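Let's take a walk through this structure together, from the overall build to the ligand and then out to the charged pairs. Keep the 3D view open and turn it as you read.

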Amino acid sequence: MKNVVVVGSGPAGMMAAISASKSGHNVTLIEGNNRIAKKLYITGKGRCNVTNDKSIENFFDNVLTNKEFLYSALYTFTNEDTKKFIEDGGTKLKVEQGDRVFPVSDKSVDIIKSFEKHLHKNKVKIQIESKVVKLNVEDNTIKSLTLANGKKVYGDHFIFATGGASYPLTGSDGKLFDEFKRIGHSIVKLKPSLVPVELKDKWPISLQGLSIKNASMALYKGDKKVISFQGDFIFTHFGISGPIVLKISRYIFEGNDYSIRIDFKPALDEKTFDLRLQRDFQKYKNKDLKNSLDDLLPQKFIPVIIELAKINPEKKVNSITKEERRRLVECFKNLIVSVKGLRPISEAIVTSGGVNVDEINPSTMKSRIINNLSFAGEVMDVDAFTGGYNVQIAIFTGFLAGSNI
Ligand SMILES: Cc1cc2nc3c(=O)[nH]c(=O)nc-3n(C[C@H](O)[C@H](O)[C@H](O)COP(=O)(O)OP(=O)(O)OC[C@H]3O[C@@H](n4cnc5c(N)ncnc54)[C@H](O)[C@@H]3O)c2cc1C
């Protein structure tokens, strides 16, 4: 039996603490905040999309960074195991669109309660308001941790599950990465992943708050198409956000030659959409153009798209020229916006980058550099799309770290 210290009470740390305790160790879970799992509480807009029900192969299609590193961890503790674990803790789960798994109550706090039940049952000691600021290492072995209040924490084995650097108010502030570097680990440069996108164009500002359902977005670097996604997005005061924007953001790196082409009617090809527009024009032929597009677009968007197509909104529909109609079709089917950049890492759903996984054993999550150190969760250079994958990664890497001390 070892004295195990787990730092960070997100899903990775809680799971590591529970599995270490189940393996017979004496475990203390240390958290900088005054309560556990602060980030988990806000996940999934307060509903916590705790995992995804897809088959394991499909699950991996949604992992963005270092999926090979995660193979043995996911096969050791699968999404099925996660569901059972949460339900055994007393929280019933349901599966929604896209195989996303949520608590039936739609309350993330119930997911946290399940974890708490397991922590309690397995006699994990929880120490809150204990921010680790220093790792004291001798002979490649951690001897103790220093807390912000100057106190020291001793143990035989240490698991760091301190998360990335996104939403720092939740406690995951990324400050320990310098310490990991100082003791010999390399850190893959942190970058916001799954983050809203700022645009150079000013017109989206007037549409802030407007959600668009089922559009298609294609990211271009110069003239080269990088990737495209179909789904929902929202206009904001700085540009665009929402599910497909977060996905696209993952493919935007440095440089300012990125643009996004938006297709507001992806179900219709350009020719079919043009015919549809002609039918509407026939129906509303005596109306002003500004009063003829309600069947196609939300009201708020109509004056904007007419201006982008450079047509007089007061013009009668029956006098719209073929060229004007062509410009309108172009705005519906291929509206180009210029990317200014990504919002900061503090606003990202997930951090890309972190402790280099080449220095971590994928079967045990143990450091290859420090003898009595393991990592779990987002602190490592792993990340995935939205859909419950990131919490699931935290859970299965936590399980592996805790059960292999
Ligand atoms: C708004 C938002 C919504 C999200 N929704 C979802 C979702 O629905 N589904 C999904 O799969 N993913 C979602 N994610 C991503 C998911 O929350 C994270 O990937 C996941 O929480 C990572 O778990 P973790 O345990 O590795 O780290 P974290 O949950 O970040 O936990 C790390 C813990 O370590 C503590 N800590 C950090 N430094 C120290 C220190 N020096 N000393 C002591 N303690 C420390 C922190 O206070 C924190 O409690 C969302 C993220 C955000 C920001």
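What follows is a guided tour in running text, with residues to pick out along the way.

A word of orientation before the details: this is a predicted model. The chain has 405 residues, of which 54% count as buried. Its secondary structure comes to twelve helices and 21 strands. Measuring along the principal axes, you will find that the C-alpha trace spans about 85 × 40 × 35 Å.

Now bring the ligand into view. Which residues are the closest to the ligand? They are Glu-31, Asn-49, Ser-172, Glu-378 and Val-391, and the full shell around the ligand numbers 33 residues. By type, that shell divides into twelve nonpolar, 17 polar and four charged residues. Helix H1 (11-22), helix H2 and helix H12 (389-402) each supply at least two residues of the shell.

Some individual contacts are worth a click. A polar side-chain atom of Glu-31 lies 2.6 Å from an oxygen atom of the ligand. From the backbone, an N or O atom of Asn-49 sits 2.9 Å from a ligand nitrogen atom, and a backbone N or O atom of Pro-11 is 3.3 Å from a ligand oxygen atom. How much of the ligand's accessible area does the protein cover? On its own the ligand has 1000 Å² of accessible area, and the protein covers 95% of that.

Two of the helices that contribute to the shell also lead us to the surface. Helix H2 spans residues 38-46 and contains Ile-42. Is Ile-42 buried, partly exposed or exposed? Its relative accessibility is 40%, so Ile-42 counts as partly exposed. Together with Tyr-41, Tyr-167 and Ile-349, Ile-42 forms a nonpolar patch on the surface, and the four residues have about 350 Å² of accessible area together. In helix H1, look for Lys-22. Lys-22 counts as exposed because its relative accessibility is 55%. From Lys-22 you can also step across to Leu-119: the two are 97 residues apart in sequence, with their C-alpha atoms 10.0 Å apart in space.

Next come the salt bridges. Side chains of opposite charge can pair when their charged atoms come close. In this model the count comes to 26 salt bridges. One of them joins the side chains of Asp-99 and Lys-54, at 3.3 Å from N to O. This pair links distant parts of the chain, 45 residues apart: Asp-99 is in the loop between strand E5 (93-96) and strand E6, while Lys-54 is in the loop between strand E3 (51-52) and helix H3 (56-61). Asp-99 is partly exposed at 31% relative accessible area, and Lys-54 is partly exposed at 21%.

Another salt bridge is formed by Lys-221 and Asp-257, with their closest N and O atoms 3.0 Å apart. Lys-221 belongs to strand E14 (residues 211-221) and Asp-257 to the loop between helix H8 (243-249) and strand E17 (258-263), so this pair ties together parts that are 36 residues apart in sequence. Lys-221 is partly exposed, with a relative accessible area of 35%, and Asp-257 is partly exposed too, at 36%.

For a pair within one helix, go to Asp-280 and Arg-276, whose side chains meet in a salt bridge of 3.4 Å, N to O. Both lie in helix H9 (residues 270-283), four residues apart, which is about one turn of the helix. Which partner is buried and which is partly exposed? Asp-280 is buried, with a relative accessible area of 5%, whereas Arg-276 counts as partly exposed at 23%.

A network of salt bridges links Arg-47, Lys-94, Glu-96 and Asp-106. Asp-106 deserves a second look for its backbone: its phi is near 60°, a positive value in a residue other than glycine. You will find Asp-106 in the loop between strand E6 (100-103) and helix H6 (108-121), partly exposed at 29% relative accessibility.

Leu-194 also has a positive phi, near 55°, and is likewise a residue other than glycine. Leu-194 lies in the loop between strand E12 (187-193) and strand E13 (197-199). With 0% relative accessibility, Leu-194 counts as buried.

Methods:
Residues numbered from 1 in each chain as written. Predicted model: local features only at pLDDT ≥ 70, side-chain atom pairs only at ≥ 80, totals over all residues. Heavy atoms only, no water. Patch = residues over 30% accessible without salt bridge, like charges linked within 9 Å, V, L, I, M, F, W, Y side chains within 5 Å. Areas by Shrake-Rupley, 256 points an atom, 1.4 Å probe, with all protein chains shown as cover. Buried < 20%, exposed > 50% of the residue type's maximum accessible area, 1.4 Å probe, protein only. Near = heavy atom within 4 Å. Polar contact = N/O pair within 3.5 Å; in protein donor to acceptor, adjacent residues only side chain to side chain. Nonpolar A, V, L, I, M, F, W, Y, C, P; charged D, E, K, R; others polar.
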